[in-house]
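I opened my notebook today to look up a few things in a structure. Here it is, so that you can follow along with me.

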Amino acid sequence: MTLLRMRLGAVAVAAALAASGCGGDDEESGGGGPTQIKVQDTAGVPSAFVGFGVEKRIFERRELQVEVEPTQGGAATLPALVSGDIQVGGSNVVSLLLAASKGLPVTASAPGTSAQEKGEDFGALIVSGDGPIKRAADLEGKTVAVNTLDNIAEVVVKAALEKEGADPAKVELTEVPFPEMSTAVERGDVDAAFSIEPFVTSATRAGARIINYSYVVTEPGMQVGAYAVSRQYAEENPDVVERYRAAVAETAEYVNAHQDEFRTYLSEQAEIDPDLAKDIVLPRFSGELDVQSLQSTGELMQKYGLVTEPVDAQALVTE
């Protein structure tokens, strides 16, 4: 049993206790002012996206006072949602679908990052620049690093390898944190790694080579991330959820139209080197959750053994 699945099991128990008596208080401030919410998301581009919207007063115009809590990963996000410690959590969609399949009371309320429709993307499978791996089929019998098993990285690596002629059952996946992947590839600890920006650009500058953009190969434009709330919070605060969704959509529109401005914000607020921030491939941001993409990902989760029963993506989405 992986660490993520163990955590989801523990959260399920906590959720049952929480549903019986805690959480769910309206977050409106007593004087009729803006709604105060805590948003937790992965440090870097994801958390910077919300922070950028806050700086541009997009959330403020919808009477939302947002506190952004950057994290090093999404493992603590679902427990924090269920317990009421945060009101909104950013997560990759596989973790959310996996949580929903285990009966956790969470719901996807707004889109996060998406893959590009074609070409270069913010997620890439990298290998040593002077190594023997030239294409996906060369990875049979080899080891590929992902940041977390039972996660979207595992799904897209397996799907992309299969689409490009490799048998994913003959490829071993191992966990390596994103910041350590490039070194692991160069040392030969692993044969390849599925990394994301800004680590992809850092790796290629150091001599690594990209053999595919796994998100895009799996599904052009696929929904990669989403913002979730607890079902109890969604039921008790539908207007807050709708205002947050609208603010995300406006932030996405602004970022897409002012990418240079967003890159500057990344260099100033997300601790990304300014020169690097200018060159990284940004995710695609959108205003609507792609439920069909979620469903396709759910089917891949069952195909590759992350779940045993069919996943109903529509049941995860807040109406």
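**Entry 1: a link across the chain**

Which side chain does K303 meet in a salt bridge? Before looking, I noted that this is a predicted model. I found that the partner of K303 is E162, with 3.1 Å from N to O. This pair ties together distant parts of the chain, since K303 sits in helix α13 (residues 291-303) and E162 in helix α5 (residues 152-163), 141 residues apart.

I then looked up how open the two ends are. K303 has a relative accessible area of 52%, so it is exposed. E162 has 34%, so I wrote it down as partly exposed.

**Entry 2: other salt bridges**

How many salt bridges does a search of the whole structure find? My search gave 13. I picked out some others to look at.

R187 and D189 meet through their side chains at 2.6 Å, N to O. R187 counts as exposed because its relative accessibility is 60%. D189 is at 45%, so it counts as partly exposed. I also noted a network here: R61, R62 and E250 are joined into one by salt bridges that share partners.

Next I turned to E60 and R57, whose side chains form a salt bridge at 2.7 Å, N to O. E60 is partly exposed, with 45% relative accessibility. R57 is partly exposed too, at 48%. R57 caught my eye for its backbone as well: this residue follows α2 and has a positive phi, near 60 degrees.

**Entry 3: helix α2**

That took me to α2 itself. Is this helix mostly covered or mostly open? I found α2 (residues 45-55) mostly covered, with eight of its 11 residues buried. I listed the buried ones as V45, S47, A48, F49, V50, G51, F52 and G53.

What do these buried residues pack against? I wrote down three strands from the N-terminal and later parts of the chain, β1 (35-42), β2 (64-71) and β11, among the elements they pack against. The helices α10 (238-257) and α11 (259-269) are also on the list, and so is β12 (284-285).

I took a further look at α2 with α11. Their axes come within 10 Å and cross at roughly 110 degrees. That angle is why I call α2 roughly perpendicular to α11. The crossing is right-handed. On the α2 side, V45, A48, F49, G51, F52 and E55 make the contacts, and on the α11 side they meet E261, F262, Y265 and L266.

**Entry 4: Q223 in its loop**

My last stop was Q223, in the loop between α8 (214-218) and β11 (225-230). Is Q223 buried or exposed? Its relative accessibility is 1%, so Q223 counts as buried.

I wanted to know which polar partners this side chain has. The side chain of Q223 reaches the backbone oxygen of T113 at 3.5 Å. A polar atom of the same side chain of Q223 lies 3.1 Å from the backbone nitrogen of D290.

Leaving aside neighbours within four places in sequence, I noted further contacts of Q223, including V93, P111, G112, S114 and I152. E288, L289, S293 and L294 are also among the residues in contact with Q223.

Conventions:
Residues numbered from 1 in each chain as written. Predicted model: local features only at pLDDT ≥ 70, side-chain atom pairs only at ≥ 80, totals over all residues. Heavy atoms only, no water. Helix = DSSP H or I, 4+ residues; strand = E, 2+ residues; numbered from the N terminus. Buried < 20%, exposed > 50% of the residue type's maximum accessible area, 1.4 Å probe, protein only. Polar contact = N/O pair within 3.5 Å; in protein donor to acceptor, adjacent residues only side chain to side chain. Contact = heavy atoms within 4.5 Å. Salt bridge = Lys/Arg side-chain N within 4 Å of Asp/Glu carboxyl O. Axes fitted to C-alpha atoms, helices over the stretch in contact; angles between N-to-C directions. Parallel < 35°, antiparallel > 145°, perpendicular 65-115°, else oblique. Left-handed = near helix turned anticlockwise from the far one by under 90°.
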